[in-house]
Amino acid sequence: MASTSWGAPTLQFVPLETNATPPTGAWDSVEGLITIEADILLEGSTTLNTEEGETKKLKNARGNDVDSKKMPSSYTLETSIIRTKGSTPKFPAVNGIVTGDYAMRLIPEDPAAIGIQFGKCNIAVNKGWDEDQGLLDILTVSGVQPNGTDKEICKEYTAQ
């Protein structure tokens, strides 16, 4: 068992109804669950990118700072899915856009290690290809502030 959450992840997605909150409890029984196992993910392609929120400043007519506030950080998970003969896309996309909102969680190779979860996210799927890797579906998963009382965009998650 690993003491860190590195290694080949499993990704799970659940479609959200309009204004729905993320599922609680066991996702395996949730209708519409989409699981992407590590064996179809391109090695080293899964990354969580965090962009620090900007600091907005209120200035008076003399240019002095009167007040400031920090905006929330934004979170984007990117990964590449290997496409093989006979495989179908995990998400139907038109010009890269997947309609609807989803909840997503990343389960590390060792499920007892700490993963991450987006209570609400948008998904984009674009195509990539080169001689060394062939056809890829490049997923960009952007965290969105979820509905309900829990407003955390990206939170830690442990499967076990």
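Colleague: Before we start, what do you mean by "partly exposed"?

Modeller: Partly exposed sits between buried, which is under 20% relative accessible area, and exposed, which is over 50%. This is a predicted model, by the way.

Colleague: Okay, why is K155 called partly exposed?

Modeller: K155 has 32% relative accessibility, so it falls between those two limits and counts as partly exposed. D150, at 33%, counts as partly exposed too.

Colleague: What makes K155 and D150 a salt bridge?

Modeller: Their closest N and O atoms are 2.4 Å apart, and the cut-off is 4 Å, so the pair qualifies.

Colleague: How do you know that D101 and K120 form a salt bridge?

Modeller: The N to O distance is 3.9 Å, which is within 4 Å, so this pair counts. D101 is in strand β7 and K120 in strand β8, so the bridge ties together parts 19 residues apart in sequence.

Colleague: And D137 with K127: which of them is buried and which is exposed?

Modeller: D137 is buried, because its relative accessible area of 2% is under 20%. K127 is exposed, because 51% is over 50%. Their closest N and O atoms are 2.7 Å apart.

Colleague: Why is T79 called buried?

Modeller: T79 has 2% relative accessibility, which is under 20%, so buried is the right word. T79 lies in strand β6, and its contacts beyond four places in sequence include D137 and I138.

Colleague: What makes the link between the T79 and T46 side chains a polar contact?

Modeller: The distance is 2.6 Å, and the limit is 3.5 Å, so the pair is within range.

Key: Residues numbered from 1 in each chain as written. Predicted model: local features only at pLDDT ≥ 70, side-chain atom pairs only at ≥ 80, totals over all residues. Heavy atoms only, no water. Helix = DSSP H or I, 4+ residues; strand = E, 2+ residues; numbered from the N terminus. Buried < 20%, exposed > 50% of the residue type's maximum accessible area, 1.4 Å probe, protein only. Contact = heavy atoms within 4.5 Å. Polar contact = N/O pair within 3.5 Å; in protein donor to acceptor, adjacent residues only side chain to side chain. Salt bridge = Lys/Arg side-chain N within 4 Å of Asp/Glu carboxyl O.
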